[in-house]
Amino acid sequence: MSPRVLVVYYSATGSVHRLAEAVAEGAESAGAEVRLRRVTELAPPEAIASNADWAQHRQDVDSIVDVATLDDLEWADGYAFGTPTRYGTPAAQLKQFIDSASSLWHAGKLADKPVTTFVSSAEQHGGQESTIISLNNVFYHWGSVIVPLGYTDDVVYAAGGNPYGTSWPAGFPSSPPDDVTLSCARYQGARLVRFARLLAPAGMALSGVPGGNDMGDRAR
């Protein structure tokens with residue numbers, strides 16, 4: 001069976017959305033079944049309306065990208081999370097979705113799955129690495145297997161050399177990711193699939209062992 005990958009993200013003006021599409025494309029090219037999902041917008045309408053790019057992006061994606069659910073998290077064998085930076089941490093919209101997954105965490109249904117992260121910020125040093133590290137703190141608690149880019153391909157160097165995950169300095173006003181950054185995101189999606197393919201059979205075997213993939217495991 002093909003590994004199942006969930007690419008879930010928040011994007012205000014579109015840069016992270018485009019990265020997410022590229023990650024999904026890379027995962028599909030590596031043979032995965034992919035779900036591309038956005039998280040629920042939390043910002044008030046007046047805040048969105050104050051930024052023309054933000055308002056336009058909301059209008060563009062509302063009808064073409066489904067909103068992520070907990071069923072998507074349970075379905076997937078591997079995860080790719082995307083977010084803009086917010087003072088060096090993930091956007092509240094993505095964090096709210098992650099916080100809603102406690103029932104799956106309690107049931108052990110997020111453990112032993114590979115996960116990777118990608119980001120965008122206005123400035124090159126606007127907290128890209130710290131945002132990814134902040135998200136990784138969540139995945140330690142989940143028991144996930146974190147899959148960084150590392151320096152594993154020349155495209156990582158060409159896209160800015162961030163070993164934590166694909167990152168894009170969008171500037172202000174925001175500009176879409178360039179071709180080399182999108183190539184890096186596709187590589188990251190394909191790299192995630194390699195680990196999902198290896199780990200998914202092990203996870204299925206573990207789930208068949210009484211107490212092997214539920215909160216009884218927490219006592220080990």
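**Exercise 1. The largest cavity**

Task: In this predicted model, find which residues line the largest cavity, and give the division of its lining by class.

Solution. Step 1: the lining consists of Leu149, Ala159, Asn162, Gly165, Thr166, Ser167, Thr181 and Cys184. Step 2: sorted by class, three of these residues are nonpolar, five are polar and none is charged. Step 3: the volume of the largest cavity is about 30 Å³. Step 4: the count of cavities of 30 Å³ or more comes to one.

**Exercise 2. Threonine 181**

Task: Decide whether threonine 181 is buried or exposed, and list its contacts outside its neighbours within four places in sequence.

Solution. Step 1: threonine 181 belongs to helix 9, which spans residues 179–207. Step 2: the relative accessible area of threonine 181 is 2%, and the cut-off for burial is under 20%, so the residue is buried. Step 3: with neighbours within four places set aside, threonine 181 touches Leu19, Ala159, Thr166, Ser167 and Trp168. Step 4: threonine 181 is also one of the residues lining the largest cavity.

**Exercise 3. Two glycines**

Task: For glycine 160 and glycine 108, state the location and the exposure class.

Solution. Step 1: glycine 160 sits in the loop that runs between helix 8 (154–158) and strand 7 (167–169). Step 2: its relative accessibility is 58%, so glycine 160 counts as exposed. Step 3: from glycine 160 to cysteine 184 there are 24 residues in sequence and 9.6 Å in space, C-alpha to C-alpha. Step 4: glycine 108 is in the loop between helix 6 (102–106) and strand 5. Step 5: a relative accessible area of 9% makes glycine 108 buried. Step 6: glycine 108 and proline 84 are 24 residues apart along the chain, and 28 Å separates their C-alpha atoms.

**Exercise 4. The second largest pocket**

Task: Describe the second largest pocket by volume, lining and contributing elements.

Solution. Step 1: the space in the second largest pocket is about 400 Å³. Step 2: its lining has 21 residues, with Thr13, Arg86, Gly171, Phe172 and Ser174 nearest the centre. Step 3: at least two lining residues come from each of helix 1 (15–29), helix 3 (52–61), strand 3 (78–86) and strand 5 (114–121). Step 4: the class division is nine nonpolar, 10 polar and two charged.

**Exercise 5. Backbone exceptions**

Task: Identify the cis peptide bond, and give phi for tyrosine 87 and aspartate 112.

Solution. Step 1: most residues other than glycine have a negative phi, and most peptide bonds are trans. Step 2: the bond between phenylalanine 172 and proline 173 is cis, with omega about 0°. Proline 173 lies in the loop between strand 7 and helix 9. Step 3: tyrosine 87 has a positive phi, near 55°; this residue is in the loop between strand 3 and strand 4 (89–90). With a relative accessible area of 85%, tyrosine 87 is exposed. Step 4: aspartate 112 also has a positive phi, near 65°, and is placed in the loop between helix 6 and strand 5. At 34% relative accessible area, aspartate 112 is partly exposed.

**Exercise 6. The whole chain**

Task: Compare the radius of gyration of the chain with that of a compact globule, and give the share of buried residues.

Solution. Step 1: a compact globule of 220 residues would have a radius of gyration near 17 Å, and the chain agrees at 17 Å. Step 2: buried residues account for 49% of the 220. Step 3: of the contacts between residues at least 6 apart in sequence, 79% link residues at least 24 apart. Step 4: the secondary structure comprises nine helices and seven strands.

Technical notes
Residues numbered from 1 in each chain as written. Predicted model: local features only at pLDDT ≥ 70, side-chain atom pairs only at ≥ 80, totals over all residues. Heavy atoms only, no water. 1 Å grid on protein atoms, 1.4 Å probe; cavity = no way out; pocket = protein on both sides within 12 Å on 5 of 7 lines; lining within 4 Å. Points joined across faces, edges and corners; volume = space filled by probe spheres on them. Helix = DSSP H or I, 4+ residues; strand = E, 2+ residues; numbered from the N terminus. Nonpolar A, V, L, I, M, F, W, Y, C, P; charged D, E, K, R; others polar. Rg over C-alpha atoms; globule rule 2.2 N^0.38 Å. Buried < 20%, exposed > 50% of the residue type's maximum accessible area, 1.4 Å probe, protein only. Contact = heavy atoms within 4.5 Å.
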